[in-house]
Amino acid sequence: MVDDVPRSAAGQGAGAGPVVTPRFSIVIPVRHDAAALARTLDWLAALPDVERAEIIVAAAPEPDATERVAAGRARVVRPGGSTRAELMNAGAGLARGEILFFLHADSFPPERALELIDRALDDPRALGGAFEHLFDEPAWSLRAITWINRARYRITGNWYGDQGIFVRAETFRALGGYRALRLLEDVDFSRRLKRRGRSVLVRVPLRTSGRRFLARGPWRTFFFCWWLVGRFTLGLDTERYAERWRGPAGHAPGARWTARREASLPGQEGLAWRSGRSNDA
């Protein structure tokens, strides 16, 4: 079951003072993306009721500046995995909060995000949900893609991770967390969540960077994403395309791709990675 929390709910709800046990655990998976993480942590630090939350950064094993960026602002763990599912599960395993809020390293929740989640979960039947999606960059192509995506998830109730999925901690654990998928773990989790109870769409935008789309070409990336979701919906294999979507290890998410025959890479024929400029963007 999927419900909406209207935009007018923003700003409602009572604040809370500092508590020993946090109400929220904000879990941020990071893979070689310290620069984006720094901007997100700056944003979170300015939220009016962030003292109600602990922030856990689950980072992939590649050496980077994550610890330096997060120092004094978040707990950093390096569980050894590199997929979002592995990282988010590891962060959730250490969480003390009653509510888990999964946030991408390049996402900016609304100012009253924690109050809005509280209000969404006032109904004991509501188990979790997500926010309205909005790309941070003003490109017209990203705006068009945003509206198409909004139509999709409002109909299906299947959330993407860059919408800021939140869930009661007890529900997350009862569901076994995210499945060990290399991509689309968010859609899979959303499906299982709504089968268990009420899943809520908070109709206040959470802004997320569209850098992956801009770097690789907005419409090319959009149709590739929908093709993956279509295969997933039909029960067809998507795991073989995970590296193509994720990008190469050692580069920030959304590294550019360029077409070139690489027969030695099963499932990635016609694909090679590079970090420089691409004509496909």
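1. Which residues of α4 are buried? In this predicted model, they are A113, L114, E115, L116, I117, D118 and A120. Since that makes seven of the eight residues of α4 buried, the helix is largely enclosed by the rest of the structure. The list includes E115 and D118 alongside residues such as L114 and I117.

2. Strand β2, which spans 24-30, invites a similar reading: seven of its seven residues are buried, so β2 too is largely enclosed by the rest of the structure. In a regular strand the side chains alternate between the two faces of the sheet. Here both faces are covered, with F24, I26, I28 and V30 buried on one side and S25, V27 and P29 buried on the other.

3. As to the pairing of this strand, β2 and β3 run parallel and are joined by seven bridges. Within that pairing, P29 of β2 is placed opposite A58 of β3.

4. The largest nonpolar core holds 34 residues, and those that touch the most other members are I28, L41, F101 and F131. At least two residues of this core come from each of β2, α1 (34-45), β3 (53-59), α2 (66-70), β5 (99-102), α4 (113-120), β7 (126-135) and β9 (198-208). Apart from it lies another core, of 24 residues, which includes V27, I56, M88 and Y178.

5. F101 deserves a separate remark. Leaving aside residues up to four places away in sequence, F101 touches S25, I26 and V27, then P109, A113, L114 and I117, and further F131, G164, I165, F166 and L206. Among these contacts, A113, L114 and I117 are buried residues of α4, while S25, I26 and V27 are buried residues of β2.

6. On internal space, the count comes to one cavity of 30 Å³ or more, and the largest cavity contains about 650 Å³ of space. Its lining is made up of 37 residues, of which R84, H104, D162, R212 and W245 are the closest to its centre. By residue class, the lining divides into 16 nonpolar, 10 polar and 11 charged.

7. Which helix gives the largest share of the lining of the largest cavity? That share, four residues, comes from α9. Elements that each supply at least two residues of this lining are β2, α3 (84-94), β7, α5 (140-156), α7 (185-196), α8 (211-216), α9 (218-233) and α10 (242-246). Strands β2 and β7 thus appear in two settings, as each supplies at least two residues of the largest nonpolar core and at least two of the cavity lining.

Note on methods. Residues are numbered from 1 along each chain as its sequence is written. This is a predicted model: local features need pLDDT of at least 70, side-chain atom pairs count only at pLDDT 80 or more; totals for chains, interfaces and linings use all residues. Side-chain values use heavy atoms; hydrogens and water are left out. A nonpolar core is a set of buried Ala, Val, Leu, Ile, Met, Phe, Trp, Tyr and Cys residues joined through side-chain atoms within 4.5 Å. Buried means under 20% relative accessible area, exposed over 50%, partly exposed in between (1.4 Å probe, protein chains only). Contact means heavy atoms within 4.5 Å. On a 1 Å grid over the protein atoms alone, a cavity is a set of points where a 1.4 Å probe fits but cannot get out, and a pocket is an open set with protein on both sides within 12 Å along at least five of seven lines; lining residues have an atom within 4 Å of a point. Grid points are joined across faces, edges and corners, and a volume is the space filled by probe spheres set on the points. Ala, Val, Leu, Ile, Met, Phe, Trp, Tyr, Cys and Pro count as nonpolar, Asp, Glu, Lys and Arg as charged, and the others, Gly among them, as polar. Two strands pair if DSSP finds at least two bridges between them.
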